[in-house]
Amino acid sequence: MIQKEILNLKKEIALNELSLIKAFLKKKDGQSYLDHHSLLIDKALKKLWGRLEFKNSASLIACGGYGRKELFPYSDIDLLILIPKNLNKSLSQKIEQFITLAWDLGLRIGHSVRNINETKREIKKDITVQTNLLESRCLIGDKGLFRELKKIVNETLIPIHFYEGKIKEQDLRHQKYNQSAYQLEPNIKESPGGLRDLQMIQWIGKSHIPRFNLQKLNQRKYLDKQNFQKLINTELFIKNLRILLHITAKQNEDRLLFDYQNQLGLLLNYKNSPHKKRSELFMRDFYKAINFITYINEVLLKKLNPKKITKLRKIENSEFLIVMDEHLEIASNFKNKSITPHIFDVFITFQNHSSLKSLGPKLMMLLQNSSKEINEAFRKNKKQQEKFLSILKSDDKVNQTLRIMNKCNLIGAYIPAFGKIVSQMQHDLFHIYTVDEHILNVIRNLRRFAKDELKHEFPDCYDLFKNYKKKYVLYLAALFHDIAKGRGGDHSELGAKDVDEFSKLNHLPPEDHKIIKWLVKSHLIMSHTAQKLDLSDPRIIEDFAKKVTNKENLISLYLLTVADIRATSPYVWNQWKAILLKNLFNYTLNYLEQDKLSHEDSITKRKEKAALILEHYNIKNHHYKVLWENFGKNYFYRYTEEEIAWQTRLLFSHTAPTKPIIRVRHRSNGEGIEVLIYQKNSAHIFNKTCHFFDEIGYNIAAAKIFTTQHNYALNLFDLLDANPKSVSYEGLFKFIEKELTSRFESHKENKPTKLSERSRQATHHSFDTKISISQIEQSTTYQLDIITDDRNGLLSLISDQLSKQDISINDAKINTLGSRVEDTFLITYKNNQALMKIKQDSLIKKLKKSIG
C-alpha cells in the first residue's frame with residue numbers, strides 16, 4: 001500500500017472520528033457512538049487486510065470490547081490473527097506489514113497471532129483469553145477458521161468452571177480497590193460498581209445462554225420492568241461517562257480524576273446549586289449509579305449461576321423463607337405481593353443462622369422494591385422498631401447485615417436522615433469515602449474489636465469492647481455521628497437532634513438516648529484533644545475529664561473515636577495517632593479513678609515517678625536538684641515522667657552548656673523518633689530545625705517548645721519515619737546530632753523555602769486556608785491555628801514568616817489528616833508584648849499570602 005493511500009485513509013478515519021464525537025456530544029447516545037466507532041475501525045482494518053491480499057490464509061478477528069462493538073474513543077483495538085497451522089515466511093511478512101500499517105494509521109491495536117492448537121491451549125489455561133474470545137467476531141479472512149475457533153470456545157468453556165473463575169477474578173479486582181468504589185477518584189471501569197461489573201453480567205449470561213444480551217433479562221423475567229429499565233439507563237450513563245472521560249482526557253483514562261470532574265459535570269449539563277458545585281452533584285449521581293450496579297451485579301450473578309441448587313431446606317418458624325445452598329431466599333410459594341411487614345424478620349433470620357453467607361437474588365429484589373413502601377406508619381410501628389433494634393443488638397453479622405440493608409436502600413428508608421447522606425462525597429482533604437460508606441466503615445471497625453483473631457490490632461479496644469454491655473449504643477452513635485453532613489451548620493449538633501427524634505420515635509431507654517446523643521454531639525473532642533493539645537499538662541486532662549464526666553462515656557468515646565479515624569482513609573491512621581488516643585484515654589481514666597487529683601498533686605506524683613526511674617540509674621536527688629530548679633515549675637506540666645527522667649539523665653551534669661546538646665532516640669512507646677534540643681535560647685531554633693528536617697525528608701508530628709527559668713531552650717521534636725525499613729538508625733541518629741549542632745552554631749541563613757504544589761483535590765475543590773489567632777486568658781501567649789492542605793515545606797514556610805514578624809513559637813502541635821493539615825502554635829510577640837488586633841490581622845494576611 002503506497003504512503004499516499006495510508007495518509008488519505010488516516011485523514012478519513014480522523015475526520016470520521018471527529019464527526020462521531022461531535023454527534024455524540026450533541027445527542028449523548030453512547031451506544032450509537034460505540035457501534036459506529038467500531039464499524040469505522042472495521043472498515044479501515046478490512047481495507048488494509050484486503051490491500052495486502054491475505055485472502056483465506058488467515059482470519060482477522062475482533063476480540064474483547066472491540067469484539068462486542070464497544071470501542072471507546074481511546075480504547076485499544078484487540079485483535080486475534082488466527083492462522084491454520086504454522087507461520088510461513090510469506091504470511092509472517094504480511095502480518096508484520098499489516099500491524100505496521102495499522103499503527104501508521106494511528107490505530108491503537110493490541111494483537112496476538114496464534115494457530116488453532118495454540119488458541120485451544122490458551123483457552124484451557126487462561127480464563128481471560130476465554131472471556132476475550134467469548135465475544136469475538138470475524139472481520140475478514142477465512143470464515144471456516146473462525147467457525148472452528150467458535151466451536152473450540154463452546155466445547156472448552158464449562159459454564160460452572162467459567163462462573164467460578166470469573167467470580168474469583170471479580171473478588172480479586174474488588175480487593176484491589178479496597179472493596180469500594182466510593183472513593184474520591186474512582187476508576188469507572190475497574191472499581192466495584194464500574195463498567196466491568198456490568199460486563200460480568202454479559203459474560204456469565206453468554207457463557208451458557210444462547211444469543212444472550214441484556215434484553216434476555218427482561219424476556220426471561222430475571223428482572224422486573226423497573227429494575228430492567230434502570231439497568232439499561234445506568235449502563236448508558238456509565239458508557240456515556242466513559243466516552244466523555246476519554247474525550248476530555250484525550251487518552252485512555254478511566255479514573256475520574258479531580259481534573260476532569262467539573263468539566264464532565266458541565267458536559268452532562270449539571271449546574272451549580274447554592275450549596276454544591278456541579279462536580280459534586282455530578283459525582284453524587286455517579287455514586288448512586290455504582291451503588292445500583294453493585295446491587296444488580298450481585299442479584300444477577302446469583303440468578304445467572306449455572307450451578308444447579310444442591311441444598312434446599314425450610315427455615316423453622318418461617319412461612320416464606322428458605323435456605324438455598326448458603327443463601328437465604330424467598331420461598332416459591334410466597335404469594336403475598338408485599339414483603340414489607342417482614343423486612344426486618346429477614347435480617348434477624350440471616351443473623352440467627354451462622355451458615356448463611358448472603359441473601360438470594362429474588363429476596364434481595366423484593367427487599368429493594370419494598371424499601372419504597374417504608375412510610376411513617378411503618379416507622380411508628382412498635383413491632384418494627386423492636387425488630388430494627390434487635391438487628392443492632394445481635395452478636396453476629398451486624399456490619400454485614402447493615403451493608404446489605406444499605407445496598408437495598410433500607411437504612412435510608414427507615415432513617416430518612418441517613419437517606420440524605422447516601423452517595424454524598426466530602427471534599428475536606430480528610431475523608432476519602434462517601435458519608436454512608438464512611439459510617440458503615442466505622443461500624444465495621446467497631447465489629448473488628450469483637451473478633452478474637454483480630455485482637456492483636458487493638459488489644460485494649462478488644463478488651464473494652466468485649467466487656468461493653470450495650471454494643472448497639474455504639475452502633476447507633478456511629479450511624480448518627482456524621483448523619484447531618486452537608487446540611488450546613490455544625491453536623492455534631494444537628495446529628496444530636498436527629499438522635500432525639502429517633503430515640504423518641506423508637507422508645508429508646510433514657511440512659512441509652514442520653515449516651516448516644518452525647519457521643520454524636522461530642523464525637524470530635526477526643527481526636528481534637530489528643531492531636532492538638534499537650535497531654536502532658538494535667539490541666540488539659542482535667543478539662544477533658546470534665547467534658548467526659550464518667551468512665552462509661554470515656555470508654556464509649558474512645559472506642560468510637562478509634563473506629564471513626566480509621567474509617568476516614570487508609571492514609572490518616574498511624575501508630576502515632578493510636579498512641580496519642582491511648583495516652584489520653586489512660587490519663588483521663590487515671591484521673592477519674594483516683595478521686596480527681598489536683599494539679600499540684602499530679603505534678604508531685606509525676607516528680608516521684610521520675611525520681612524512681614532515675615534511681616534505677618543510680619542518679620540521686622542531689623545530682624539533679626539544681627537542674628530541676630533552673631527548669632522551673634512549668635517544666636513539669638510540659639513533660640511526662642518518662643521524658644523528665646530521660647532528659648534529666650542527659651542533662652543533670654550540663655545545667656548551662658555553652659554548646660548545643662542534641663540527642664536522638666526511638667520513641668519509647670511507638671513509631672518514630674524523638675529529638676531533644678537543649679541550648680541557650682535564641683529566636684531561630686524552631687525555624688532552623690524545621691528547615692533541617694524538611695531537607696532530609698522527615699515530617700514533624702509534634703514539637704514541645706519550652707524555655708527554662710535560666711533562659712535555655714529545651715525542645716522535643718517527634719518525627720515520623722520517612723522510610724523505616726531502609727534506615728540505619730545508628731547512622732541516622734549520629735547524622736542528626738552532628739548536622740543540627742552545626743546548623744545552630746553556624747550563622748548561615750536557611751535556604752529559601754519552596755512549597756510543593758497543591759494536590760489536585762485542593763486545587764479543584766478550592767480548599768480554603770483558615771487561620772485564626774486567639775489570646776490565652778490572662779497572658780501574653782496567643783494560640784495560632786492553621787488549617788490548610790498538606791504540602792512539603794509548609795512548616796518551614798510558617799516558621800519563616802513568624803520569625804520575620806518577631807514572633808516566637810512556644811509550642812507546636814502538628815496534626816496531619818490525610819491531605820489536610822490542622823496545626824496549632826502557641827506564640828508570643830517580642831519581649832512578651834501584647835499582640836494587638838491590627839498586628840494579628842497583618843500576620844494572618846501575610847501567612848495566607850505565603851501559604852497560598
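Two strands are taken to pair if DSSP finds at least two bridges between them. Strands (E, at least two residues) and helices (H or I, at least four residues) are DSSP runs, numbered from the N terminus. The model is predicted: local features need pLDDT of at least 70 and side-chain atom pairs count only at pLDDT 80 or more, whereas totals for chains, interfaces and linings use all residues. Residues are numbered from 1 along each chain as its sequence is written, and side-chain values use heavy atoms, with hydrogens and water left out.

**Exercise 1. Describe the open sheet that contains β6 and β7, and identify the residue opposite Val323.**

Solution.
1. The sheet is open and has four strands, in the order β5-β6-β7-β8, with mixed pairing.
2. At the edges stand β5 (312–314) and β8 (358–359); each has a single partner strand, so one side of each is left without a neighbour in the sheet.
3. Four bridges connect β6 (residues 321–324) with β7 (residues 327–330) in the antiparallel sense.
4. The residue opposite Val323 is Leu328 in β7.

**Exercise 2. Trace the pairing of strands β10, β12 and β11.**

Solution.
1. Begin with β10 (residues 673–680), which pairs with β12 over eight bridges in the antiparallel sense. Within this pair, Tyr678 lies opposite Leu714 of β12.
2. Next, β12 is joined to β11 by eight bridges, and these strands run antiparallel. Here Ala703 has Phe717 in β12 as its bridge partner.
3. Four residues separate β11 and β12, which form a hairpin; in its turn, Asn711 has a positive phi of about 65 degrees.
4. Finally, consider burial, where buried means under 20% relative accessible area, exposed over 50%, and partly exposed in between (1.4 Å probe, protein chains only). Strand β12 (residues 712–720) is mostly covered, with eight of its nine residues buried.

**Exercise 3. Determine which strands β15 is joined to, and how far β15 is enclosed.**

Solution.
1. Strand β11 (residues 699–707) runs antiparallel to β15 and is joined to it by three bridges. Lys704 has Asp811 in β15 as its bridge partner.
2. Strand β17 (residues 820–829) is also antiparallel to β15, through six bridges. In this case Ser808 is partnered by Thr828 of β17.
3. Five of the seven residues of β15 (residues 807–813) are buried, so the strand is largely enclosed by the rest of the structure.

**Exercise 4. Establish how many disulfides the model has, and examine Cys63.**

Solution.
1. Apply the criterion of a pair of cysteine sulfur atoms within 2.5 Å. The count is zero disulfides.
2. For Cys63, the nearest cysteine sulfur is that of Cys138, 10 Å away.
3. Cys63 is buried at a relative accessible area of 2%, and Cys461 is buried at 0%.

**Exercise 5. Characterise the cavities of 30 Å³ or more.**

Solution.
1. On a 1 Å grid over the protein atoms alone, a cavity is a set of points where a 1.4 Å probe fits but cannot get out; lining residues have an atom within 4 Å of a point. Grid points are joined across faces, edges and corners, and a volume is the space filled by probe spheres set on the points.
2. Two cavities of 30 Å³ or more result.
3. The largest holds about 70 Å³, and its lining includes Lys276, Glu280 and His427.
4. The second largest has a volume of about 40 Å³; among its lining residues are Arg68, Leu195 and Lys239.
5. Helix α9 supplies the largest share of the lining of the second largest cavity, four residues.

How values were computed
1 Å grid on protein atoms, 1.4 Å probe; cavity = no way out; pocket = protein on both sides within 12 Å on 5 of 7 lines; lining within 4 Å.
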